[in-house]
Amino acid sequence: MGSSSNIAEVKIWRIPTFSVKEEWRAEDSPWPTVPINFLVRVTLENGIFGIGEISTQLWYLNETPEQIQSAIQLCDDCLRGADIANVALCHELMLKTYGGGSIGARGARSGVDMAIWDAIGKLYSVPVFKLLGGGNPAPIPLMFCTYETTPERVAKECEQALSRNYSAIKVKVGDSLLAAGWSHRALVAENDKIAAALEVIPKEIMVDADANQAWGNAGSAVAALRVFQGHSNLSIEQPLHLDDLSGSAYVRKTAGFPLILDESVWSAEAMIAILKAEACDRVVCKINRLGGLSEARKVVAISEAAGVGVSVDTAPYTILGDTSACHLAASCKTTFPFDEGHLSMININGPNPFSGGAKSENGNISLPDAEGYGIEVDWDIVEGW
């Protein structure tokens, strides 16, 4: 084996995952029905390796499995011989090779970046969250997410979440609009779900109403929110298109509720544009959309300096990706509830090769104080894929 920290190989395996979220399998669901997950391994010349995960969706991040595989081959070619401790250089090499000129193409890079941080953690025998600037692996509160389609089911799921000690709840309020197109009737139906949630959720529990860009224009969004005046625990997430920052700023200043941006946050530069537009009070940070932990930490730093909150979200990940996102959350100065909206959305078809990592219980998620991500891999199972 070599003695340096230079990269010797980048390799991936398609993880045989399937959706377990009932709403995803419904015929009228706007969500993808075929999860796309890959395990990434970055091996150094000295034999140390790091692992990461790619989670993407055809409609949401615009990446196919074939695209991911070809992108990883390009990453393997350009990163061989690079010093893994020089994370900025590794990203520069990847961006010069693939995906550096426009929005998108971040899924593959996010998985490689995730693996790079795990390898560095093992190289220096420290957890990833400490490398990212955080020092507190204490339990992080979880945010429950309901995808239910009727007010009655939403209320029931919210009550169940409260009984399990969740400190925040997200209600999806854009699905019917995404599936069938905008209409006032559909918007009212989505609002009925918010009303049902607020009726059973006490004021000390945060409620995020996630519209997924589906609420049309700023005027209709403001009008829809007026009926909820007086509910100080309610925030509205991404009611308008990701590019409509002026509209988001108008809703934020007019509706009287904190505004959260999710899909608008795809780079550190986009975060700066959001701040200039005064378009939000909080952002949702997704590793796979941003291109990895490195870019995500830039967004966190910019947001925290501006007094904008950061909610770290997962994706349809296995425990590997979920653990990486949790390390990012542990590095934040103010820890908003960790959005578990995608936890337990997928299962692995067959034996699970992963052990260790983040543990979720009693409405919280916690990290082991282990090097890297603290995840072990059964490579015999992986090679069987």
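## A buried residue with a positive phi

Q238 is buried, with a relative accessible area of 0%. The model is predicted, and Q238 is a good place to enter it. This residue is found in the loop between β8 (234-237) and α10 (245-255). Its phi is near 40°, a positive value in a residue other than glycine. Why does that deserve a remark? Most residues other than glycine have a negative phi.

N62 also has a positive phi, near 60°, and is not a glycine. N62 sits in the loop between β4 and α2 (65-79). Is N62 buried or exposed? N62 is exposed, with a relative accessible area of 55%. Q238, by contrast, is buried.

## The chain as a whole

How many helices and strands does the protein chain have? There are 15 helices and 17 strands. The radius of gyration is 20 Å, close to the 21 Å that the globule rule gives for 385 residues, so the chain is as compact as a globular protein of that length. Along the principal axes, the C-alpha atoms fill a box of roughly 65 × 40 × 40 Å.

Of the 385 residues, 57% count as buried. The chain exposes about 15200 Å², and carbon and sulfur atoms supply 50% of that area. Now take the contacts with a separation of 6 or more. Residues 24 or more positions apart account for 74% of them.

## Strand β3, covered on both faces

Strand β3 covers residues 36-44. Nine of its nine residues are buried, so β3 is largely enclosed by the rest of the structure. In a regular strand the side chains alternate between the two faces of the sheet. Follow that pattern here. On one side of β3 are I36, F38, V40, V42 and L44. On the other are N37, L39, R41 and T43. Both faces are covered.

Which strands pair with β3? One is β1 (residues 7-14), which runs antiparallel to β3 and is joined to it by seven bridges. Within this pairing, E9 stands opposite T43 in β3. Another is β4, which pairs with β3 in the antiparallel sense over eight bridges. Here the bridge partner of V40 is G52 in β4.

β3 and β4 form a hairpin, with four residues between them. G47 lies in the turn and has a positive phi of about 100°.

## Aromatic rings around W379

A pair of aromatic rings is described by the distance of the centres and the angle of the planes. The count for this model comes to four aromatic pairs. One of them is formed by F49 and W379. What is the geometry of this pair? The rings are edge-to-face, with 5.6 Å centre to centre and 80° between the planes. F49 lies in strand β4 (residues 49-56) and W379 in helix α15 (residues 379-384), so the pair ties together parts that are 330 residues apart in sequence.

F49 is partly exposed, with a relative accessible area of 26%. W13 joins the picture too: W13, F49 and W379 form one aromatic cluster. W379 has a charged partner as well. The charged end of R41 sits over the ring of W379, 4.7 Å from its centre. R41 is one of the buried residues of β3.

## Helix α10 and its surroundings

Return now to α10, the helix after the loop that holds Q238. Which residues of α10 are buried? They are L245, G247, S248, A249, V251 and A255. An α-helix has 3.6 residues a turn, so residues three or four places apart point the same way. The buried residues of α10 pack against α9 (218-225), β9 (259-261) and α11 (268-276). After α10 comes G256, whose phi is positive, near 85°.

## W182 and its contacts

W182 is placed in the loop between α7 (175-180) and α8 (184-200). This tryptophan is partly exposed, with a relative accessible area of 45%.

Which residues does W182 touch, leaving out those up to four places away in sequence? They are L177, L187, A214, W215, G216 and S220. Look at A214 in that list. W182 and A214 are 32 residues apart along the chain, yet their C-alpha atoms are separated by 7.2 Å.

Terms used: Residues numbered from 1 in each chain as written. Predicted model: local features only at pLDDT ≥ 70, side-chain atom pairs only at ≥ 80, totals over all residues. Heavy atoms only, no water. Phe/Tyr/Trp six-rings, centres within 6.5 Å; stacked < 30°, edge-to-face > 60°. Helix = DSSP H or I, 4+ residues; strand = E, 2+ residues; numbered from the N terminus. Buried < 20%, exposed > 50% of the residue type's maximum accessible area, 1.4 Å probe, protein only. Lys NZ or Arg CZ within 6 Å of the ring centre and 35° of its normal. Pairing = 2+ DSSP bridges. Rg over C-alpha atoms; globule rule 2.2 N^0.38 Å. Contact = heavy atoms within 4.5 Å. Areas by Shrake-Rupley, 256 points an atom, 1.4 Å probe, with all protein chains shown as cover.
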